[in-house]
Amino acid sequence: MIQLNNIHLAFAGEPVLEGLSWTITPDRQRIGLIGPNGAGKSTVLRVITGQHTPQEGTVSVGNTTTVGYLEQDAQELDTERSVVDEALRAFEHVKTLEAEERRITDRLESTDDYESDDYQKLLHRLSDIQQELVTHEAHRLRPRTEAVLAGLGFEPDELERPVRSFSGGWRMRVALAKLLLRKPQFLLLDEPTNHLDIQSIDWLEGYLREYDGTVIIVSHDRYFLDRMVTTIAELTHGQITTYAGNYSYYLEEREHRRELQRQRYENQQREIKEIERFIERFRYKADKAAMVQSRIKHLEKMERVPPPPSEQATVTIRFPEPRRSGRVVLELSRFSKTYETDEGPVQVFNDADPLTIERGEKIALIGKNGAGKSTLARILRGVEPFDGTREEGHNVDMTYFAQHQAEALNPEHTVLEAVRELAPSRGETDLRTMLGAFLFTGDDVFKRVAVLSGGEKSRVALARTLLHPANFLILDEPTNHLDIQSINVLIEALQQYSGTFVIVSHDRHFLDEVANTVWHVGGGRVQDFPGTYSDYRWHLEHGSVEAPDAHLTPETDSDQTKEKQRKGGPKTKEQKRREAELRKQQAEALANGRGDYSELNSYKLQQLYETAEADILEKEEKKSELEAAMADPALYNDADRAKEVNAEYAAIEQELAELYEEWETLAEQISAREEA
């Protein structure tokens, strides 16, 4: 258990945490720690791990409690080691045991006195070590490590490459792999999806869902939070408020709580005013003195209801109105792109089909990391040489925002100087007005870039991007380091934007809200799909379209997908095969008298539960249709048909009774495992 009690922490006199208390238990909780940029989310995690010492309050972590922490910044890695060897350092304690096992074995082989106490002690120690190695499944360490690295996007031929040959984002994946492999009781993840592509985020969701410990996640990815967490811990004004549910539930419940608090506050304020009016009116009347004193004491003892919290200020981005471009914004001929590297040529695009961007298109550019998304963005921008031709349309004004632009800001510049650098002719009042829209008000504009948070730097970089009107935007990971409120306002701004854009992003909720076309990059080509991101995923899962690479893992367990499957759409052969396999497992479990399904893992148990639930819905719908038919007097004009319908109805009722019994058993099994 982890307990934070009355924590007070300030930096340079500015309070960050003010009387924060929080108890976290190791019973497989999935907690989303949220709050605006600068609220202190990372600070709370560092207090838990002992990196920050509070000025007041206590932090209690059990002596046997293990805590793992993935920070946003680069981790300490041995960059000379290969990827797989560095990840295997997660098992250094096992490696130490194996080394001790070898030393003891060598000593035993060189000893002739088999009856001595030393020999017997060595045998006992060797037995203990071997038992511990079996417990840790030492023989499976490398396969487990390779599986985790593969899930995080590493190709088999990349595992032996030195860590130093990878970018910072890929090094973060190695650090994440080491942390996951250690399996601490409490896993603290600070923006774990920032450096992952959509496929790797899908894998991480599945891994964390089965993780046998408590996971605390700081993330701005609403889609990820909705699918992953069962509790929201909101950090505002230096304190934490918890909500039982995912992010969408939190939004509804927060509004409900605030409305109740507003009503209580207003009712109490009316009561206070009435009492004060009474006191003022009768203060000097002797016959009312006792009543006045009673009211005064009542006021003094009254526990005051605090006013409802004011809404947090957010970025209010509005794109400058651009001039109208021609119908065709950009055209690429059939194209190829190859990079020359130390290991030889790397082909990113191989005779890819021509691409056309038309006015008003809002394009989501997706694909695994390394597939060529950023390369294609640079080709579209006109700064990347390639084999093919690129032609801009009439009156096209283009602006480009890259994810590295926030890091490329001059750290010695103030916020005001950072924007003035790109618009020297614009007046200070004009620039400060624009910065105000990005929450840089008053003296904030004189802060040096060096002291800004990641989210603040991203806002400065976005402000620089919007200094000049443009009708064609290319945005590479614009939401990185922005909090959820700021992302929501960026969504609103893009929804109102009248121009054309291409966005590279791994934020699935963001893409779903702003894009009307999906380009999936992979396998040396680009797949063009007209529709939203969710539409594209649904068609992938139902076999209507084919992914351009083999690495896309369908989100078969998303609520949205389940709902669409219930509403219809053709099932693929693979879906039918999986469902048949699940039903076979159900039949075998029942035939063997295994009503508790004890030999199935949690994943298959959940699949069986969902299949039974889907079957119940299907049977209930059929039952309703039969009941409607039986209520029609015309049915009984045909005796044979009436007999057939009644027999079918009886069979459906029997099947439903069995399905409900099975469904309840599965629900009990899942609940028991979650409580274990």
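The conversation below goes through sheets, salt bridges and surface of a predicted model.

Reader: Happy to look at this with you. What makes up the protein chain in terms of helices and strands, and how many residues count as buried?

Author: The predicted chain has 21 helices and 20 strands. Of its 676 residues, 45% count as buried. About 34,700 Å² is exposed, and carbon and sulfur atoms supply 47% of that area. Among contacts between residues at least 6 apart in sequence, 70% join residues at least 24 apart.

Reader: Let's turn to the sheets. What makes β5 an edge strand?

Author: β5 pairs on one side only, and the same holds for β9 (239–244). These two are the edges of an open sheet of 6 strands, with the order β5-β6-β7-β3-β8-β9 and mixed pairing. From one strand to the next, the twist averages 20°.

Reader: How do you know that β5 and β6 pair?

Author: Two strands count as paired if there are at least two bridges between them. β5 and strand β6 (residues 186–190) have 4 bridges, in the parallel sense, so they meet the criterion. One residue you can look up is Leu70, whose bridge partner in β6 is Leu189. Helix α6 (residues 168–182) packs on this sheet and touches β5 and β6, its direction making about 170° with that of β5.

Reader: Good, that gives me a place to look. Why is Val67 called partly exposed?

Author: Val67 has 32% relative accessibility. Buried would need under 20% and exposed over 50%, so a value in between is called partly exposed. Val67 is found in strand β5 (residues 67–70).

Reader: What makes the nonpolar surface patch there?

Author: Val59, Val61 and Val67 make it, with an area of about 170 Å². Members of a patch need over 30% relative accessible area, and Val67, at 32%, passes that cut-off.

Reader: Now the sheet with β10. How do you know that β10 pairs with β13 and β15?

Author: The same test of at least two bridges applies. Strand β10 (residues 328–332) and β13 are joined over 4 bridges in the antiparallel sense. β10 and β15, also antiparallel, are joined by 3 bridges. Both counts reach the threshold, so both pairs stand. The result is an open sheet of 3 strands with the order β13-β10-β15. Its edge strands are β13 (355–358) and β15 (390–392), each pairing on one side only, and the twist averages 10° from one strand to the next.

Reader: Which residues stand opposite Val328 and Leu330 in β13?

Author: Val328 stands opposite Glu358, and Leu330 stands opposite Ile357. Toward β15, Glu331 has Glu391 as its bridge partner. Helix α11 (residues 373–381) lies across β10, β13 and β15, running at about 120° to β10.

Reader: On to charges. Why is the contact of Glu86 and Lys178 called a salt bridge?

Author: The cut-off is 4 Å between a side-chain nitrogen of Lys or Arg and a carboxyl oxygen of Asp or Glu. For Glu86 and Lys178 the N to O distance is 2.8 Å, so the pair qualifies. Glu86 lies in helix α2 (residues 83–88) and Lys178 in helix α6, 92 residues apart, linking distant parts of the chain. Both residues are buried. The whole structure holds 36 salt bridges.

Reader: What makes Arg227 and Glu205 a salt bridge?

Author: Their closest N and O atoms are 2.6 Å apart, and the limit is 4 Å, so this pair qualifies too. Arg227 sits in helix α8 (residues 222–228) and Glu205 in helix α7 (residues 198–209), 22 residues apart. Arg227 and Glu205 are both buried.

Reader: And Glu253 with Arg257: why is one called buried and the other partly exposed?

Author: Glu253 has a relative accessible area of 18%, which is under 20% and is therefore buried. Arg257, at 31%, is partly exposed, because that value lies between 20% and 50%. Their side chains meet in a salt bridge at 3.3 Å, N to O. Both lie in helix α9 (residues 247–282), 4 residues apart, about one turn of the helix.

Reader: Which residues are joined into one network by salt bridges that share partners?

Author: Asp202, Glu205, Arg227, Arg508 and Arg537 are joined in that way.

Note on methods
Residues are numbered from 1 along each chain as its sequence is written. This is a predicted model: local features need pLDDT of at least 70, side-chain atom pairs count only at pLDDT 80 or more; totals for chains, interfaces and linings use all residues. Side-chain values use heavy atoms; hydrogens and water are left out. Axes are lines fitted to C-alpha atoms, for helices over the stretch in contact, and angles run from 0 to 180 degrees between N-to-C directions. Contact means heavy atoms within 4.5 Å. Patches are made of residues with over 30% relative accessible area and no salt bridge: like charges are joined within 9 Å, nonpolar side chains (Val, Leu, Ile, Met, Phe, Trp, Tyr) within 5 Å. Accessible areas come from the Shrake-Rupley method with a 1.4 Å probe; for residues, only the protein chains shown count as cover. Buried means under 20% relative accessible area, exposed over 50%, partly exposed in between (1.4 Å probe, protein chains only).
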